[in-house]
Amino acid sequence: MDKSNTGQLKKNPIALLISLTLGVPIPIVSAQEIEEEVETLRLETITVEAQKRRQSMQTVPVSVSAFSGKQLDQAVLKDIFDVASMVPASSAFQTQNVTNTSFSIRGIGTSSQNFGLDPSVGLYIDGIYRARQSSMVNNLVDIEAVEVLRGPQGTLFGKNTPSGAILIRSVAPSHDGANNFIEGTVGNYGLLNYSAAASVSAIDNILAFRVTGFGSQRDGFVSEVSTGSDVLNDRDRWGARLQALYTPSDDVTLRIIADYAEIDEICCAAPVQVSNAQATGIEGKFGTDSLLSQAPFNATIFDGSDFFDYKVALSFLPESQVEDSGLSAELNWDINEQFTLVSISAYRNFDSYDNIDSDFTDAHLFGTRNDSQQNSFSQELRIDYTSDRVTGILGAYYFRQDLDLDYSLYTGEQFNDFFLAGFAQGAFNDLLAGIDALSIATNGLIAASASPAPASTSFDHRADQKHESYAIFGQIDYQLSETLTLTTGLRYTDESKDLSTIFSEVLPADSTFPTFFTSVGDPADPESIVPGSLLYGAGVAGNVLAGIQANTIDITTANGQAALAALAPFQTLGWGFNPLGAITAARSDISDTLDDDQITGTLKLSYTPNRNTLMYVSYGTGYKSGGTNTDRISEGFDPIFAAEKSRSLEIGIKRDFPEQDLRVNAAIHSTNVDDIQANTFTGTGFNLQNAGDYKTSGLEVELTWLPTDTIEVGFVYARVNAEYDNFTRGNCWIAYTWHTGITDPGQEISESGAPNPYCDRSGDRPTGEPEDYAMLRVKKDFIISDGVDAHIVAEYSYTGDVVLDGSNDPFAVQDSYSLLNLRFFMNFAKYDMDLVFWGRNVLDEEYINHVNFNTPLQEGKFNAYISDPATFGITLRKRF
């Protein structure tokens, strides 16, 4: 930051904000004068590529937050989660493993729990689209800039940007070695980060190379009770990047990047938030926690009050592994002073594997494995045009992706006992005992009962998705006058997805998987026991068994043999699996196709009344691809879901006050989303569907003020009002209803008189999105000694309450919380070296990390993902 201009504070900043809002008469100046004036400010000039060309952030009619590489280094922002915490109206968080990472902007995001879902936030590194959100979670090392663009980016960046885009640029090779460095960090929980990068000039001014490498290790901060050690939520990752920059002439630049990274971590801990050992509002009602605490399970039970003790009990530790690699080439050819040809080609490969204890207890019930491989090829070709009054882009884009997923849910050695005592509540004990007694009495002529849910059963599926996308796009900025610029843009996208899923159910013995019986019903409610259900079958079989025992049915006759058929289902291995829900139900294979095309665009009017002010109004549309459901879903459920489309209106202002060294960027926005894609876990599977219509609106303010030569103040505020405008088939309360008996008010009664299995969520809030977020940052510069400059930074942030579950269950709310981060930075000019002492969440605030969920097959119970505790460290960076 250039501080050569030491302008005095001449006006109260509050008064300035009022005048900014009301507007004041100001002289008309040219765009060139705007750029010249920005250079005289003590405020840092930030360069962005939000419109695919380099511009000052203050001249771009887009709501964007940007961080230079210098800012990232000094703030020790090491991954995208650190960055997102600094950006208004944005969120980034992980759930059950590294591959389940979600991003949202302005309240619009996408669950990562289904591999067929595309993101709502477009993710780009060095101009390359990253189809898998998890590819963004690794360390940010050797980065030139990070930009977070808010609002639909459907013209220049295409599909899967209905809420915004995140752009990351790495440092390019150079001939002077100005960006060479080596860096190390140590911190609590055994944190050790190390990274280095260097450029080498092979042919002066023609060919240069750059090598970047990094690694990160950290112990976990959540303990598993059987081991007693902090092992969960650890860090173990490394990566490398090799670049070549070839400039055979002043007009041609070719940049080639090869990168590879790995993650191998024990992630992620989800302690019990709400126990179902005993209902909180119904006396004498006990749940699965009460059962699991007893023999033969003898499981460790948490009551929820100990959520922030950072302890879990599991049968085995979760595995989470990622391999991410790619090769890209970017060619820029300045054909003449007006036209530039740009070509960006890339091939990427992303493999992930995770294996988790998905009953989230140390009873041996069941686990799930995901093994996926994704590879993609993309090609962007465009012509950039620049003249005195017109700037334009015309391009074409191609994207191909192959996605292969192997998934398995498998049962543990205690699952059969859990089914009989927990899910079935002992309703079959007498029947099975009677069949076994009859088998003994007939010397095995009548077969004994079979295990309803035997251990080592697996429910597998392999999903293969082929995806192709074509697009043509164009955008023009036309300067109507010295103060008015009109921006128009359109993009046409055509795409297809082919899904082939093969399902299998593998029992531990060589036998046929049973397909009889549907839902179990409720033993306490005879009206819920319908023909074809498990309890109905048990009732018929019980009558037959009683007849045989009373000698009213003779099994030696033809009629008696026919009656025995009622017992046969309970003599067939695995007879209890189908009623458990979609996750353990037999189903036929899927072969389906999605074909879609969309037109998206933007229209903006920018007004630059003086050299320090930009006002704009924009209307844009965004589009997220429709998709294919790669989960095991109920028979008859449509595996294809439609595209998600957004329409957004935004009014913004960017204003610098040079005399007061004050910068204020603000925007108000309103977005409507049609057919938003919602994916919520119900306890027996994910409910993925086009939910209906969704609305979000709000305000964003980013302020930077330099009141003195040595003090800098930053303030960020975002208000996001987000709700489902129309969502009639959403999830119902589960835990709250189980504990209190209070029915979800959104649940309606069907024509048959039975309650619908879904609830109206219209007017409810989305998962994981606070309505209010604010952050205040204060930085104080000072000189320690000759050649040693320093500054201290305090960042205080406030996050409003967050709804944690898609059903808006009253138990699923995280109250508002505040975080404090501190940093002490020193620069040793003589050694060209920086030293940073840093702390995050130094007050050790405890809060749930955006999401909780109904514990699988354990009604009335919630687990939730835990946030990081206080962390501290020291970072040393040496340039050479």
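Okay, so one definition before anything else: when I say buried, I mean a residue with under 20% relative accessible area. And keep in mind that this is a predicted model.

Let's start with helix α8, residues 534–549. Which of its residues are buried? In α8 those are L534, L535, G537, A538, A541, V544, L545, G547 and I548. If you look at how they're spaced, remember that an α-helix has 3.6 residues a turn, so residues three or four places apart point the same way.

What's covering that buried set in α8? The cover includes α6 (415–423), α7 (429–441) and α9 (558–563).

I also checked the length of α8. It has 16 residues, and at 1.5 Å a residue it should span 22 Å; the C-alpha atoms at its ends sit 22 Å apart, so the two agree. Right after α8 comes N551, with a positive phi near 65 degrees.

Now α6, since it's one of the helices covering α8. Its buried residues are F415, N416, F418, F419, L420 and G422. And what do they pack against? Three helices turn up, α5 (288–292), α7 and α8, along with two strands, β22 (366–386) and β23 (390–411). Just past the end of α6, Q425 has a positive phi too, about 55 degrees.

On to the strands. Quick reminder: strands of a sheet pair through backbone hydrogen bonds, either parallel or antiparallel. Take β24, residues 458–479, and β25, residues 484–506: they're antiparallel, with 22 bridges. They make a hairpin, with 4 residues between the two strands. If you want a spot to click on, Y470 stands opposite D494 in β25.

β25 has another partner as well, β26, residues 590–610. That pairing is antiparallel again, over 18 bridges. Here the pair to look at is T501, which stands opposite I590 in β26.

Last bit, back towards the N terminus. There's an open sheet of 3 strands, in the order β4-β5-β6, with antiparallel pairing. Which strands are at the edges? That's β4 (90–94) and β6 (108–109), each pairing on one side only. β5, residues 101–105, pairs with β6 over 2 bridges, and S104 has G109 in β6 as its bridge partner.

So, to recap: α8 has its buried residues covered by helices including α6, α7 and α9, β25 pairs with β24 over 22 bridges and with β26 over 18, and the open sheet runs β4-β5-β6. That's me done, thanks.

Definitions and conventions. Residues are numbered from 1 along each chain as its sequence is written. This is a predicted model: local features need pLDDT of at least 70, side-chain atom pairs count only at pLDDT 80 or more; totals for chains, interfaces and linings use all residues. Side-chain values use heavy atoms; hydrogens and water are left out. Two strands pair if DSSP finds at least two bridges between them. The expected span of a helix is 1.5 Å times one less than its number of residues. Buried means under 20% relative accessible area, exposed over 50%, partly exposed in between (1.4 Å probe, protein chains only). Contact means heavy atoms within 4.5 Å.
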